[in-house]
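Student: Could you take me on a close look at a single part of this protein? I'd like to start from one strand pairing and see what sits around it.

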Amino acid sequence: SVRSKLGGCPHLPPGVEWPEWKGAPLAFLAQIELSELPDPSPIEGMPRGGRLFFFYEQEQSTWGFDPADLGSWRVLHDPSEILSEPTEPPDELPEGMTFPERKLAFKPITTYPSLERLSEAYPFDGDDELYDAVDALNSEVFQDAPKHQIGGYPTPVQGDTMELECQLVSNGIYCGDPSGYRDPRVDALSEGVSDWKLLLQLDSDDDLDVMWGDCGLVYFWIKEQDLKKADFSKVWMILQCS
């Protein structure tokens, strides 16, 4: 039977406590059974055994642009092949912060770079036909379905420079305003931007009764070096909305 799901109760292994931040339990978002992912894996270096658990601060008060946000989300990896019993959420988790369980079935898709990302490498120079063609490709991938995704190019809402944001904020630079991008450390840190890969993207979803900000998405990013070591402790989260 399918073990991957959004919402419901996580099957945390024995001895693993429900993650908290500032004394409050985090909301459980998703459980990904790694053996259920398509082959080849959507992200090179992803472990093939066990499962990942995704948690996030229940009030959505952090958006990932402040180094102080670290800890308000957690990604846990259980390498075991044995699925533990479901873990009931702590009593301190308010009603409405436990989302209805929805089983997940994975299918390979082709994702395309956003127009912003493309235009950096290939200036459009006002080519409306090309603009429309790229826009159509991106629209066809999900059609009207929520844009839940593992790996590939993100579906940005506010700006398609999340890898740079992850690199700067995870190195202690505040990116909530333009001043962070003028920090003298930016040039040296930018060399590591390409290390960041999209681990999971979750869309606002009526079936889960969840909305990220105002019709936004939440993105979990990981450096490929950490992924190859199965180290999910340094995953960075970004929330974007319209």
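Tutor: Sure, let's start with strand 1, residues 5-6, which is joined to strand 4 by two bridges, the two strands running antiparallel. Keep in mind that this is a predicted model. Within that pairing, lysine 5 stands opposite glutamine 31 in strand 4.

Now zoom out a little. The strands belong to an open sheet of five, in the order 6-5-4-1-7, with antiparallel pairing. Its edges are strand 6 (73-78) and strand 7 (102-103), each of which pairs on one side only.

Next, the aromatic rings. The structure holds six aromatic pairs. In one of them, the ring centres of phenylalanine 28 and phenylalanine 55 are 5.4 Å apart and the planes sit at 55 degrees, so the pair is tilted. Phenylalanine 28 is in strand 4 and phenylalanine 55 is in strand 5 (residues 51-56), so this contact ties together parts that are 27 residues apart in sequence. Phenylalanine 28 has 2% relative accessibility and counts as buried, because the cut-off is under 20%. Phenylalanine 55, at 0%, counts as buried too. Ring pairs also bring in Trp18, giving a cluster of Trp18, Phe28 and Phe55.

What about empty space around here? Leu6 and Leu29 are among the residues that line the largest cavity, and so are Phe99, His148 and Trp212. That cavity holds about 50 Å³ of space, and the count comes to one cavity of 30 Å³ or more. By class, its lining has seven nonpolar, one polar and one charged residues.

Strand 4 (27-33) turns up again at the largest pocket: along with helix 2 (128-142) and strand 8 (196-203), it supplies at least two residues of the lining. This pocket has a volume of about 760 Å³. It is lined by 32 residues, and the closest to its centre are Ala105, Phe106, Lys107, His148 and Gln149. So His148, if you're keeping track, is on the list for the pocket and on the one for the largest cavity, because a residue counts as lining when it has an atom within 4 Å of a point. The pocket lining divides into 20 nonpolar, six polar and six charged residues.

Notes:
Residues are numbered from 1 along each chain as its sequence is written. This is a predicted model: local features need pLDDT of at least 70, side-chain atom pairs count only at pLDDT 80 or more; totals for chains, interfaces and linings use all residues. Side-chain values use heavy atoms; hydrogens and water are left out. On a 1 Å grid over the protein atoms alone, a cavity is a set of points where a 1.4 Å probe fits but cannot get out, and a pocket is an open set with protein on both sides within 12 Å along at least five of seven lines; lining residues have an atom within 4 Å of a point. Grid points are joined across faces, edges and corners, and a volume is the space filled by probe spheres set on the points. Helices (H or I, at least four residues) and strands (E, at least two) are DSSP runs, numbered from the N terminus. Ala, Val, Leu, Ile, Met, Phe, Trp, Tyr, Cys and Pro count as nonpolar, Asp, Glu, Lys and Arg as charged, and the others, Gly among them, as polar. Two strands pair if DSSP finds at least two bridges between them. Rings of Phe, Tyr and Trp (its six-membered ring) pair if their centres lie within 6.5 Å; planes under 30 degrees apart count as stacked, over 60 as edge-to-face and the rest as tilted. Buried means under 20% relative accessible area, exposed over 50%, partly exposed in between (1.4 Å probe, protein chains only).
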